[in-house]
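Q: Please take me through one part of this model closely: the interface. I'd like the detail at the level of side chains, plus some idea of how far to trust it.

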Amino acid sequence: MPGGGHCPDCGSTELVEDSHYSQSQLVCSDCGCVVTEGVLTTTFSDEGNLREVTYSRSTGENEQVSRSQQRGLRRVRDLCRVLQLPSTFEDTAVAYYQQAYRHSGIRAARLQKKEVLVGCCVLITCRQHNWPLTMGTICTLLYADLDVFSGTYMQIVKLLGLDVPSLCLADLVKTYCSSFRLFQASPSVPAKYVEDKEKMLSRTLQLVELADETWLVTGRHPLPVITAATFLAWQSLQPSERLTCSLARFCKLANVDLPCPASSRLQELLAVLLRMAEQLAWLQVLRLDRRSVVKHIGDLLQHRHTLVRKAFRDGPAESEAGEEERPGRGQGPGQGKEEVASRSLDLPEGKRPASPALLLPPCMLKPPKRVCPPPPISTATGDEDISDSEIEQYLRTPQEVRDFQKAQAARQAATGVSNPP
Amino acid sequence: MEEEQTYLELYLDQCVAQDDLAPPRSPLLSPVVPDDVYMPNSSHPETVFNSHLEEVKETSGHFSSVDLSFLPDELTQENKDQSIIRSKHEIEDNYKTQSQQSRLSLPREQDIGLGLISNSSLSNSHSHLYPGDADSVQPSLEKPNSMPLVSITPMTPMTPVSECSGIVPQLQNIVSTVNLACKLDLKKIALHAKNAEYNPKRFAAVIMRIREPRTTALIFSSGKMVCTGAKSEEQSRLAARKYARVVQKLGFPARFLDFKIQNMVGSCDVRFAIRLEGLVLTHQQFSSYEPELFPGLIYRMVKPRIVLLIFVSGKVVLTGAKERSEIYEAFENIYPILKGFKKA
């Protein structure tokens, strides 16, 4: 009887070597089952019977590229071509995908996740080369949910241990602004709305920098800020004709989607510009509002650094001479001096500029929704006695149990009636 | 050599005498800082201690020559060297007697101690000193040690009190598990308990709630239970016991085994705006900031192993702790980093 085998069907150890048309076979003499048909080598213990080893238990997985991996790699290349990325990006993205595929968690993931993984690899490649690609764009291209995308993205960054730099705002501005269809007259875009690309780009960049400096960008999605900045830049370049155009209409004209937060970003940016305008003498007398300040954006941007410093202050309320500063704060006296200096600089008429507003993110300027009282200091030990009455309040009386059961039965009957089998 | 040993013994006698007179002090703090400069915040000795340890750790590598100019004037020249070694031992011994923090801190302290010793010319006397003077060392160990003369903090100047944040994170949620050690009939529980909901198609556990402490429990048919929503460890334990009592009253032989706190969540406010973009640049290996996905920065601290969510408004959420001290320690670690990003 050849080496330790037994019939898989009846378990008998009576295996006989027989040959069938000159092919050697191992046959069970009890039930006649053909145990093996002459395989060349035996490597695994399963092959003690010279039976095949299943693919998942062989090393084939590591040696071959599986069909789903091949599909994924093809998708990566396609996505890179659709986005018109340089060829080096393609190779890097493919390498990331292969690297990810070596992890068993990814290999066993659902197809949806593997699809989204394609986008993640391309995104990481672009970020590392400072190519401004937003997650929104990729999700649109892949028809994927942002939630699924975000989960997979965070997982793969952690799994591969990658350093992914932040989205480069300046490059994103350039790419995004170039996508606005306003640089040539067309049936939908009247001549007065057409704008020079370079002028608009430079002004938008300045507005986005201003927004960044005044805490409007940190913690927020970058794209709506850029939309609002582009709109303001476009309006301010020819305010007389363009003030009548709203943000929504502007986006429709330019053939760009209007992101929801863009209108509130616009209001915040206008508020910042108004504060800055209050520091300029010749603008103070005009008593600007949110619409009229657009006409002066050019001037405001030209002096934006000085104006932001004068219009805003970092810390809590300070007196004019800075005498209420706490002695520990080094920047206190410095800032007090600056305030005094600004006061002496402007306004020979003796009209004081508005007292500086706090330069803080909008979430800190809004009054808190509800004041959380500090929790009372409890002296619980965790081992106190638990009274029976306290526990019994949570239990149903037998009568209540019966009522509840009746009600449940009635409900079941009702749903049974309404849905006839 | 002999001279140094005599001085050493003199000093030891002096210390022992002083211990009898000095007021009790937290042993964690006094060896590190001289009394006259620093008044420790006694309610959080661990956090202060750990923040000091950070500095100690940073400079532990720079012990090429023992520069003693930082020591206060009370120390006479000949006592300086001995006192450093002496108090190093004090610290090591003190911390061995402390239960929790020493496990975290001891390796570092010992490194520093050894570093000092190897560089000092008194390395020989050190080995004689330790076992021989065990007796004189013991009494001072029993009492909270006060070392008014010695500051071990190598090279770095004394940190004033204002460096400590003075902010205490508040615990918001505690998740704990307990084993009731009996098979449960979830249908019966849902039928007989008013505060229970059970929808087997949605989730395979009974969701039970009690009013005091205001918590929610997931009770599984295997007898395991998860209790969430408590604001302190004691409340979580009390709540879990109440749930176990409810189950008992329903007729099951419930016990209360292996109560363990699995996660603690705390939050606080540093009260200044934080430049998250800057923070992710300098601490890239720990931070993840994706404004397209989430407005906060996710900071994964390695020691202690805590995840912090840092927002632009200055609010910080700390999670992943098994003990309260980890939350406090993590906050004390992150506070100086955040202060660095206070201004644009």
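A: What follows is a walk across the interface of chain A and chain B, with some background on each chain.

Some ground rules. This is a predicted model, so to speak of local features takes a pLDDT of at least 70 and side-chain atom pairs count only at pLDDT 80 or more, while totals for chains, interfaces and linings use all residues. Residues are numbered from 1 along each chain as its sequence is written, chains are lettered from A and ligands numbered from 1 in the order in which they are written, and side-chain values use heavy atoms, with hydrogens and water left out.

Start with the overall contact (heavy atoms within 4.5 Å). Chain A brings 51 residues to it and chain B brings 43 residues. The buried area comes to about 4000 Å², with carbon and sulfur atoms giving 57%; buried area here is the accessible area (1.4 Å probe) that two parts lose on being put together, summed over both. A:Trp215, A:Ile386 and A:Tyr394 supply 17% of what chain A buries against chain B, more than any other three residues.

A:Trp215 deserves a second look. Its place is in the loop between α9 and α10 (222-237) of chain A, and it has a positive phi of about 65° although it is not a glycine. At 4% relative accessibility it counts as buried. The cut-offs are under 20% relative accessible area for buried, over 50% for exposed, and partly exposed in between (1.4 Å probe, protein chains only).

Now the polar side of things. Across the interface the rule finds 20 residue pairs in polar contact, both residues at pLDDT 80 or more. A polar contact is a pair of N or O atoms within 3.5 Å; within protein, one must be able to donate a hydrogen and the other to accept it, and residues adjacent in sequence count only if both atoms are side-chain atoms. Which elements of chain A each supply at least two residues of the side that touches chain B? They are α6 (135-142), α7 (146-160), α9 (197-213), α18 (362-365), α19 (388-392) and α20 (398-418). The largest share, five residues, comes from α7(A). By class, that side of chain A has 23 nonpolar, 14 polar and 14 charged residues. Here Ala, Val, Leu, Ile, Met, Phe, Trp, Tyr, Cys and Pro count as nonpolar, Asp, Glu, Lys and Arg as charged, and the others, Gly among them, as polar. Helices (H or I, at least four residues) and strands (E, at least two) are DSSP runs, numbered from the N terminus.

Then the charges. Side chains of opposite charge can pair when their charged atoms come close. The rule for a salt bridge is a side-chain nitrogen of Lys or Arg within 4 Å of a carboxyl oxygen of Asp or Glu, and it finds seven across this interface. The whole structure has 19 over all chains.

One of those at the interface pairs A:Glu392 with B:Lys249, 3.9 Å from N to O. A:Glu392 lies in helix α19 of chain A and B:Lys249 in helix α8 (residues 233-249) of chain B, so the pair joins two chains. Both ends keep some exposure: A:Glu392 counts as partly exposed at 44% relative accessibility, and B:Lys249 counts as partly exposed at 33%. The pair also belongs to a network, in which salt bridges that share partners join A:Asp388, A:Glu392, B:Arg245 and B:Lys249.

For contrast, here is a pair within one chain. A:Arg265 and A:Glu268 form a salt bridge, their closest N and O atoms 3.5 Å apart. Both lie in helix α13 (residues 262-277) of chain A, three residues apart, about one turn of the helix, and both are buried.

How far to trust it? Chain A averages a pLDDT (the predictor's confidence in each residue, from 0 to 100) of 82, and 83% of the residues score at least 70. Confidence in chain A is highest in helix α5 (residues 111-128), at a mean of 95, and lowest in helix α17 (residues 331-345), at 43. Over residues 315-350 of chain A the pLDDT is below 50, though this stretch has 31 contacts in the model beyond near neighbours in sequence.

As for the chains behind the interface, chain A comes to 20 helices and five strands, with 41% of its 421 residues buried. Chain B has ten helices and ten strands, and 49% of its 344 residues count as buried.
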